[in-house]
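Colleague: Pick one residue in this protein and take me through its surroundings, please. I'd like a close look at that part, and then how it fits into the rest.

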Amino acid sequence: MREKQEWKPDFVRMITKRLEQRPVLRMALIGLVGLWIIAGTRYVTEMIIYRERNLKEAFAIVSPGNTTGTVALTARLPESYLTEKDQNQLIRFVADRIGLTVDTEPEPITEGKKSGFIYRKKAKYADTAIKILHVCEASGANRYYLLVSINLAEDKGDGVAYFREKIGELAAELELLEVQCSIQLSGSFPQDMTLAARNHLTDRILSKLGCEVVCENREAELYTVYAYTKGLDEYIVSGNDRINVQLAMYYDEINKETVLCVASPVITGEIMGTR
């Protein structure tokens, strides 16, 4: 069994050393943080399981083929300064927490004025990318962002639920800020479905989730529905509306099939460039 990795930036190691020299204060802080983590993790885990079960059950009622799943995380790290060594160690820490073995060095990347590191791994049933981005704002403040994308082949919801729970635990452990985590299930149906058939399938899924439609475009070329349900905990705000379900369909002319995507809160697309 692999030993669980521990990640701390250099300046945190210095603070930790000082706390070790003051055992009473250290024990008090450990007790307080421990209670917070237990309560927070239990709440997050319960809500995650409930959300994934709802989406999985709604997706299952239409029984598509060639099913795939995606879990994507974007969040800001609380640290205001990370060395390159810290960033590489953090990528390894994140990989360890989601059960991924890092067998090559993370690659340095530059995206305009952003810089950082990315680690990609392709396996038989999953493509994963972990990215750390450093952004220097106009005010001079440093911001570091963590992005994780896990694309699962042949998944009907179980893999998505498992990794979404892992991501939730990771977010609590790292005390991530501005957390945005999306889940997505995709599948396909033979041939080009008629508009009536698409509408029937869409209405079944929305009914199963107890959704209220926020906006929609039920035309063959750009078939997309945005909706909100109280049965799913996370949402985004668009104007004055809450959205936590997006459903889209399109015809894949190459494979001669209609592709269905159902996501919460919205479809993310290839945010990590893992393909």
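Modeller: Let's start from Ile-205: leaving out residues up to four places away in sequence, Ile-205 touches Ala-58, Ile-61, Val-62, Leu-247, Leu-260 and Val-262, where a contact means heavy atoms within 4.5 Å. Before going on, keep in mind that this is a predicted model, so local features need pLDDT of at least 70 and side-chain atom pairs count only at pLDDT 80 or more, while totals for chains, interfaces and linings use all residues. Numbering runs from 1 along each chain as its sequence is written, and side-chain values use heavy atoms, with hydrogens and water left out.

Ile-205 is also one of the residues with the most contacts inside the largest nonpolar core, alongside Ile-130, Leu-146 and Leu-260. That core has 53 residues; the term covers buried Ala, Val, Leu, Ile, Met, Phe, Trp, Tyr and Cys residues joined through side-chain atoms within 4.5 Å. Helix 4 (residues 158-174) gives the largest share of this core, six residues. Nonpolar side chains in soluble globular proteins tend to be buried together.

Now take one of those neighbours, Val-262. It is found in strand 12 (residues 257-264); helices (H or I, at least four residues) and strands (E, at least two) are DSSP runs numbered from the N terminus. Is Val-262 buried or exposed? Val-262 has a relative accessible area of 2%, so it counts as buried; the cut-offs are under 20% for buried and over 50% for exposed, with partly exposed in between (1.4 Å probe, protein chains only). Apart from neighbours within four places in sequence, Val-262 is in contact with Leu-55, Phe-59, Ile-183, Gln-184, Leu-185, Ile-205, Gln-246 and Leu-247. Leu-55 comes from 207 residues away in sequence, yet the two C-alpha atoms are 8.1 Å apart. Right beside Val-262 in the numbering, Cys-261 is buried because its relative accessibility is 11%. Cys-215, at 36%, counts as partly exposed. There are zero disulfides in the whole structure, with a disulfide taken as a pair of cysteine sulfur atoms within 2.5 Å.

Next, the sheet that strand 12 belongs to. It is an open sheet of 10 strands in the order 2-3-4-5-1-6-12-11-8-7, with antiparallel pairing; two strands pair if DSSP finds at least two bridges between them. Strand 2 (107-111) and strand 7 (212-217) sit at the edges with a single partner strand each, so one side of each has no neighbour in the sheet. On average, neighbouring strands are turned by 20° against each other, direction ignored. Helix 3 (residues 84-97) packs on the sheet and touches strand 3 (114-122), strand 4 (126-136) and strand 5. The direction of helix 3 makes about 30° with that of strand 3; axes are lines fitted to C-alpha atoms, for helices over the stretch in contact, and angles run from 0 to 180 degrees between N-to-C directions.

Elsewhere in the sheet, strand 1 (residues 65-76) pairs antiparallel with strand 6 (residues 177-190) over nine bridges, and Thr-68 has Ser-186 as its bridge partner there. Nine bridges also join strand 1 to strand 5 (residues 142-153), again antiparallel, with Gly-69 partnered by Leu-152.

At the strand 7 end, strand 7 and strand 8 form a hairpin with five residues between them. They pair in the antiparallel sense over five bridges, one of the partnerships being Val-213 with Ala-227. Strand 8 (residues 223-228) is joined to strand 11 (residues 245-252) by five antiparallel bridges, and Thr-224 stands opposite Ala-248. Five of the six residues of strand 8 are buried, so the rest of the structure largely encloses this strand.

To put all this in context, the protein has five helices and 12 strands, and 44% of its 275 residues count as buried. Of the contacts with a separation of 6 or more, 62% link residues 24 or more positions apart.
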